[in-house]
Amino acid sequence: MTQTWAIFYDAYRSLNAKKMFWVVLAISGLVVGAFALVGINEHGLKIAIWQLDTDPLTSENVSPALCYKWMFVEIGIGMWLAWIGTILALISTAGIFPDLLSSGSIDLLVSKPISRLRLFFTQYAAGLLFVTLQVGIFSLAGFLVIGFRGGAWEPGLFMAIPLVVCFFSYMFSVCVFLGIVTRSTLASLLLTLVFWFFVYGVGAAENALLMFQTMAEQGVDFKEMQRPPQPIKPAQPTKPAQPTKPSETDQGSLPQRPVAVPEAELFSAADDDSGPREQVSLSKESAKVPRAMGRSLLKALAQDPQAEGDKKTASGDETSEADGKKHDSGKLKIAHDILYGVKTFLPKTTETIALLERTLIDLAELPKEAFGQPERQNKQAEATKQMVEEIRSRSVWWIVGTSLLFEAFVLAWAALIFCRRDF
Amino acid sequence: MEARRMSDRELSRTGPKDSVGFVEYPSDGFLYEFLGTQMTAERDHLAIDLRYVAKTYRRRIHALRGIEMRVYPGEIFGLLGPNGAGKSTLVKIIMTVVRPNRAEGTILGRPMGHKPTLAQVGYLPENHRFPAYLTGRQALEYYAALAKVGRRERKRRAMELLELVGMHQWANTKLGTYSKGMQQRIGLAQALSNDPQLVVLDEPTDGLDPVGRRETREILLRLRDQGKTVFLNSHLLGEVERVCSRVAILVAGKVVRQGTLDELTAASEHYEIGLHGDATEGLSSAVRAALPCELQAAPVGASPFGAAAAPPGVVVPVVVPTERGTLPSGETVEFDGAMVRIHTDQAQAVQPVIDALRGQGLVIESVRLVRQSLEDFFIQAVSDTQNGDAAVQAIRKGGPA
């Protein structure tokens with residue numbers, strides 16, 4: 001243990017000496033500080049002394065605790081730590097192994113009574129210290145903000161630590177491997193970022209294909225989806241006080257990032273054929289789409305189903321059309337299955353972070369009107385529902401387990417090279 | 001000390017019989033042969049016992065071609081060799097930094113590559129690089145911790161060693177601000193941080209000023225007096241000559257000479273008789289007439305480096321024609337200019353020559369017993385073995401040894 005602690009302590013000193021560590025920590029502090037400045041009341045959001053009219057996002061519809069948790073998950077973790085923070089962490093840690101392997105430095109370490117394998121994995125674990133400390137401090141600060149400002153003490157917030165560390169470790173393992181092979185900090189960093197975007201692209205493509213496949217199975221006309229959006233005609237007016245706006249409502253209500261929606265409510269609505277309550281809003285549909293899905297797909301969802309129905313009625317040959325869609329569906333399924341297979345062997349970064357949302361956000365607490373208005377019941381909704389079911393059915397094992405297997409494979413390969421190399 | 005009395009030849013004879021197996025350390029992927037349970041007590045006492053150490057890089061560059069080397073406990077052992085001879089590779093193999101293709105032998109009585117043994121070994125690599133964010137004291141404590149030294153002990157030793165290498169004033173200064181000489185001093189202290197039984201130093205005086213070199217020599221001698229073994233790899237022959245009791249000369253991946261300085265240079269002992277007067281034909285005629293043997297011109301290139309074989313940068317003095325003969329008593333005698341050399345360390349053998357020279361009316365200015373310097377010996381050994389760098393390069397590329 002003396003050696004392990006020495007390496008960890010040295011890693012801490014190394015981080016302490018790097019300005020980047022403190023820069024990231026300071027930005028984290030600013031993010032948490034910004035959370036603390038945001039409040040929610042009956043009129044909407046309040047940022048410091050400025051009141052924003054964000055109806056229906058008011059304390060009547062959304063509890064302060066839920067609001068803070070949502071901000072923590074979506075902005076604090078989803079945007080800051082999982083993207084910008086991770087890139088900064090990679091910049092800070094990419095040099096660990098190339099520096100370690102530099103002549104004159106590695107000699108001093110491998111000549112000590114510590115096996116190379118242990119040295120490798122201890123250094124690797126020490127490299128994760130950067131993110132562990134950052135996300136640990138960030139989670140603690142978020143916990144306190146939500147506790148004091150939102151009135152809810154949510155220990156589940158600390159699930160962010162293992163999940164974000166896991167997420168970072170996928171990329172860090174690749175960075176370590178490339179660092180050992182190339183012995184170059186810059187090369188390992190750039191190639192890791194390229195790999196990250198590749199993984200992201202595969203994930204997004206897989207989700208998109210799944211969506212199209214499901215739509216094809218549901219008989220949604222893709223050509224119709226390519227038409228410019230039409231004004232939505234509400235099937236039945238619901239709340240005169242909050243009149244439904246035409247298509248701009250749909251477009252405008254599309255969240256920048258997908259928003260979780262009560263599943264149970266959504267699906268029950270989709271299963272029922274009657275009544276305004278059962279109508280599912282377009283925004284909710286898009287909200288259910290995993291964040292990996294591209295915006296083009298969200299746009300595709302924003303088409304008017306009425307026009308789609310009209311066109312279908314107008315077409316005379318429904319049988320041949322159904323056959324064609326079935327054929328399309330089959331091809332899409334093959335393409336999706338291939339991508340799904342590829343994705344199984346790759347780290348699932350987006351899904352790993354999304355697990356935090358599953359853990360923290362109590363979907364049933366979300367207001368029906370918070371992210372859109374109940375409008376429609378149609379095949380697109382059915383397709384979306386099925387896609388969400390499919391994605392939600394993916395187990396934690398598939399998301400984290402296979403990703404960790406990928407990481408283990410990459411690390412084993414890197415360790416093999418490290419152990420057998422002459423320095 | 002029993003082992004010291006055995007000759008190297010005797011030790012070599014016991015070697016192959018005792019080689020009974022292999023040991024592999026999976027974590028490092030090392031494959032070493034090792035001495036089995038019948039290891040002799042003599043070999044067990046050796047600080048370093050290397051046999052058949054071979055290393056080939058990329059299947060074509062033969063860095064080491066079967067090294068045989070013995071280092072006894074409590075001595076300072078010098079490893080010499082020209083650039084590219086494989087010295088650093090050998091040191092790195094001893095310290096498990098480089099994996100040998102084949103290695104047989106022991107370090108402190110344990111098979112080579114045995115990691116726990118390294119807790120008793122201190123190592124100063126050439127061109128070492130410490131983390132710039134550590135202070136001198138922190139660096140010593142860090143590397144001592146990696147060598148499994150307890151917390152209290154390493155703190156105590158860190159301050160002691162900083163005092164020893166004259167760096168206590170900069171104990172809490174970041175290493176990034178140190179000069180090369182200061183870093184070298186910290187490096188030496190680092191090598192001693194685990195109170196090792198064996199200290200392996202690769203160019204320890206590199207970057208040090210004369211005062212620093214002298215202090216380093218004193219530290220090495222102090223270590224020897226404490227019973228520690230020092231394995232010293234250095235280009236500075238003068239340094240090695242001053243502190244080492246035994247040396248090995250490595251050329252093109254092979255040990256070409258090994259032994260104590262006395263053993264190695266004894267054969268070169270000779271008497272030099274200095275004659276009064278300039279090197280004139282008259283003086284030469286008188287000497288020829290005086291010596292009781294016939295003198296013949298010695299072949300050109302009898303000096304360690306012939307003019308043609310001298311490497312770039314080496315200034316070869318003008319070669320005065322040397323005449324050589326054999327005395328009736330069997331000793332070789334040489335004459336060049338105003339100097340007569342008799343290759344013997346026996347004073348009695350010189351007396352008849354002195355008498356004969358005086359009998360010819362020659363005035364003798366000096367008579368002294370001369371021993372070849374290590375530098376001369378080194379250059380001769382390298383030259384004899386390889387005939388210059390070209391041969392060294394040829395051998396390293398797979399040519400004949």
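1. Contact, as the word is used in this note, means heavy atoms within 4.5 Å. On that basis Glu239(B) touches Thr205(B), Arg213(B) and Arg217(B), residues up to four places away in sequence not being counted. Glu239(B) lies in helix α9 of chain B, which spans residues 237-243. Its relative accessibility is 12%, and Glu239(B) therefore counts as buried. The model under discussion is a predicted one.

2. The two chains may be described in turn, beginning with chain A. Its secondary structure comes to 19 helices and 3 strands. Chain A has 423 residues, of which 56% are buried. Of the contacts in chain A between residues at least 6 apart in sequence, 82% join residues at least 24 apart. The surface that chain A exposes is about 18300 Å², and carbon and sulfur atoms supply 65% of that area.

3. Chain B contains 14 helices and 18 strands. It has 401 residues, and buried residues make up 53% of them. When contacts in chain B with a separation of 6 or more are considered, 68% are accounted for by residues 24 or more positions apart. The accessible surface of chain B is about 18400 Å², with 50% belonging to carbon and sulfur atoms.

4. The interface between the chains brings 34 residues of chain B into contact with 30 residues of chain A. The area buried between chain B and chain A is about 2900 Å², and carbon and sulfur atoms give 55% of this area. On the chain B side, Arg129(B), Tyr133(B) and Leu146(B) supply 23% of the area that chain B buries against chain A, more than any other three residues.

5. Within chain A, helix α8 (residues 160-182) packs with helix α17 (residues 349-360) at an angle of about 175°, the axes being 9 Å apart. Angles over 145 degrees count as roughly antiparallel, and α8(A) is therefore roughly antiparallel to α17(A). From α8(A) the contact is made by Ala160(A), Leu163(A), Val164(A), Cys166(A), Phe167(A), Tyr170(A) and Met171(A). From α17(A) it is made by Thr349(A), Thr352(A), Ile353(A), Leu355(A) and Leu356(A). The residues of this contact divide into 10 nonpolar and 2 polar, with no charged residue. As general background, an α-helix has 3.6 residues a turn, so residues three or four places apart point the same way.

6. Tyr170(A), one of the α8(A) residues in that contact, is also touched by Ser403(A). The other residues that Ser403(A) touches, not counting residues up to four places away in sequence, are Leu346(A), Pro347(A) and Lys348(A). Ser403(A) has its place in helix α19 (residues 396-420) of chain A. Its relative accessible area is 0%, and Ser403(A) is buried. The C-alpha atoms of Ser403(A) and Met215(A) are separated by 28 Å, the two residues being 188 residues apart along the chain.

7. In chain B, helix α4 (residues 87-94) has 7 of its 8 residues buried, so this helix is largely enclosed by the rest of the structure. The buried residues of α4(B) are Lys87(B), Thr89(B), Leu90(B), Val91(B), Lys92(B), Ile93(B) and Ile94(B). Two lysines, Lys87(B) and Lys92(B), are thus included in the buried set. Just after α4(B), Thr96(B) takes a positive phi of about 65°.

8. Positive phi values also appear in loops of chain B. Arg58(B), a residue other than glycine, has a phi near 50°. Arg58(B) is found in the loop between β3 (48-57) and β4 (61-71) of chain B. With 65% relative accessibility, Arg58(B) counts as exposed. Leu108(B) is likewise not a glycine and has a positive phi of about 50°. Leu108(B) is found in the loop between β6 (102-107) and β7 (110-111) of chain B. At 23% relative accessibility, Leu108(B) counts as partly exposed.

9. A further arginine of chain B, Arg185(B), is found in helix α7 (residues 180-191). Buried means under 20% relative accessible area; Arg185(B), at 17% relative accessibility, therefore counts as buried. Leaving aside neighbours within four places in sequence, Arg185(B) is in contact with Val165(B), Gly166(B), Met167(B), Leu208(B), Asp209(B), Gly212(B) and Glu215(B).

Note on methods. Residues numbered from 1 in each chain as written. Chains lettered and ligands numbered in written order. Predicted model: local features only at pLDDT ≥ 70, side-chain atom pairs only at ≥ 80, totals over all residues. Heavy atoms only, no water. Axes fitted to C-alpha atoms, helices over the stretch in contact; angles between N-to-C directions. Helix = DSSP H or I, 4+ residues; strand = E, 2+ residues; numbered from the N terminus. Parallel < 35°, antiparallel > 145°, perpendicular 65-115°, else oblique. Nonpolar A, V, L, I, M, F, W, Y, C, P; charged D, E, K, R; others polar. Buried < 20%, exposed > 50% of the residue type's maximum accessible area, 1.4 Å probe, protein only. Areas by Shrake-Rupley, 256 points an atom, 1.4 Å probe, with all protein chains shown as cover. Buried area = accessible area lost by both parts, 1.4 Å probe.
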